[in-house]
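Here is my note on the model, set out as numbered points. Please read it alongside the coordinates.

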Amino acid sequence: GWPEGTTRLSRPLYTAAGRKNTPSFWAPRSEQGEPVTRIHMFRKNIVFDLDGITFFSRLIDGEYMDYERIIVRNHRILVTVDRDVLLSALERAALITEERVPGAVRSSVRLDIVGGMLKVSAVSGLGSSYDEMPIRHEGDDLTIAFNNRYLMDSLRACRAGDVRLSMSTSLSSINIEPVLSEEETAAGESELYFLLPVRTKE
């Protein structure tokens, strides 16, 4: 069936592949009157026409993994921190972790949660970086490390001033969520980014 909120076209479209009678539909026009998205579905591929940009992807057979089963919802340690302050610290650490030397292994960034402070540090052959910032913290202190690029990507995707980091141990997954207003929560808006830590030698 067709996804909820979409409209089946009354006549077939000629797609980028030049095929007729291909399942196609329009995503609804936004309230601001922005151009709609046209989607063409083939047996093994899907094509998105996004206002002059064409995006092509291959469909994968089988069922998508049951990600809800592997996301931990009852973490013992909760940290709330200013998104921009943390992201700025990680960007400075990226100058150290992103070694551009052939054969060099990308370094991780280390987060030390101690009381009401979050300490962000990184060490590599290029040098070291260190930042600390105030946080709201519930639970035990913890030291945990991540691939810095993955952590920055998750934070950049969060659309809020503050983010909540939920975790339990240095080797278990972490949930990253924006702290939403009451209006946003009531409207059913929610985001969750799931990230695995990396092992450190210490």
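**Notes on the predicted model**

1. Phe48 is partly exposed, at 23% relative accessibility. The model is predicted, and this value, like those below, is computed from it. Phe55 is also in the partly exposed class, with a relative accessible area of 46%. The class runs from 20% to 50%, so Phe48 at 23% falls inside it.

2. The count of aromatic pairs comes to one. Phe48 and Phe55 make up that pair, with 6.0 Å between the ring centres and 45° between the planes. The arrangement is classed as tilted, because stacked requires planes under 30 degrees apart and edge-to-face requires over 60.

3. Strand β4 covers residues 45–50 and pairs with strand β3, residues 37–41. The pairing is antiparallel and runs over five bridges. Thr37 has Leu50 in β4 as its bridge partner. The connection from β3 to β4 is a hairpin of three residues.

4. One open sheet has five strands, in the order β10-β6-β12-β13-β14, with antiparallel pairing. Its edges are β10 (136–138) and β14 (193–195). Each of these has a single partner strand, so one side of each lacks a neighbour in the sheet. On average, neighbouring strands are turned by 20° against each other, direction ignored.

5. Within that sheet, β12 (residues 162–167) and β13 (residues 174–178) run antiparallel and are joined by four bridges. Leu165 has Ile176 in β13 as its bridge partner. Helix α3 (residues 148–157) packs on this sheet and touches β12, β13 and β14. The direction of α3 makes about 170° with that of β14.

6. Helix α2 (residues 83–97) lies across β6 (77–82) and β12. The angle between α2 and β6 is about 90°.

7. A further open sheet has four strands, in the order β9-β8-β7-β11, again with antiparallel pairing. The strands at the edges are β9 (127–134) and β11 (142–147), each of which pairs on one side only. From one strand to the next the twist averages 20°.

8. In the four-stranded sheet, β8 (residues 117–124) pairs with β9 in the antiparallel sense over eight bridges. Ser124 is placed opposite Gly127 in β9. Helix α2 packs on this sheet too, in contact with β7 (108–114), β8 and β9. The direction of α2 makes about 170° with that of β9. Helix α3 also packs here, touching β7 and β11, and its direction makes about 90° with that of β11.

9. Which sheet does each helix touch? Helix α2 has contacts in the four-stranded sheet through β7, β8 and β9, and it lies across β6 and β12 of the five-stranded one. Helix α3 touches β7 and β11 on the one hand, and β12, β13 and β14 on the other. A reader checking the packing should therefore view both helices against both sheets.

10. The salt bridges number eight. One of them joins Arg156 to Glu91, with the closest N and O atoms 3.4 Å apart. Arg156 lies in helix α3 and Glu91 in helix α2, 65 residues apart, so the pair links distant parts of the chain. Both side chains are partly exposed: Arg156 has a relative accessible area of 42%, and Glu91 has 37%.

11. Another salt bridge links Arg110 and Asp112, with 2.9 Å between the closest N and O atoms. Arg110 is partly exposed, at a relative accessible area of 28%. Asp112 is buried, because its 11% relative accessibility is under the 20% limit.

12. Asp162 forms a salt bridge with Arg136, the closest N and O atoms being 4.0 Å apart. This pair also links distant parts of the chain, with Asp162 in strand β12, Arg136 in strand β10 and their positions 26 residues apart. Asp162 is partly exposed, with a relative accessible area of 25%. Elsewhere, Glu91, Asp153 and Arg156 are joined into one network by salt bridges that share partners.

Technical notes:
Residues are numbered from 1 along each chain as its sequence is written. This is a predicted model: local features need pLDDT of at least 70, side-chain atom pairs count only at pLDDT 80 or more; totals for chains, interfaces and linings use all residues. Side-chain values use heavy atoms; hydrogens and water are left out. Rings of Phe, Tyr and Trp (its six-membered ring) pair if their centres lie within 6.5 Å; planes under 30 degrees apart count as stacked, over 60 as edge-to-face and the rest as tilted. Buried means under 20% relative accessible area, exposed over 50%, partly exposed in between (1.4 Å probe, protein chains only). Two strands pair if DSSP finds at least two bridges between them. Helices (H or I, at least four residues) and strands (E, at least two) are DSSP runs, numbered from the N terminus. Axes are lines fitted to C-alpha atoms, for helices over the stretch in contact, and angles run from 0 to 180 degrees between N-to-C directions. Contact means heavy atoms within 4.5 Å. A salt bridge is a side-chain nitrogen of Lys or Arg within 4 Å of a carboxyl oxygen of Asp or Glu.
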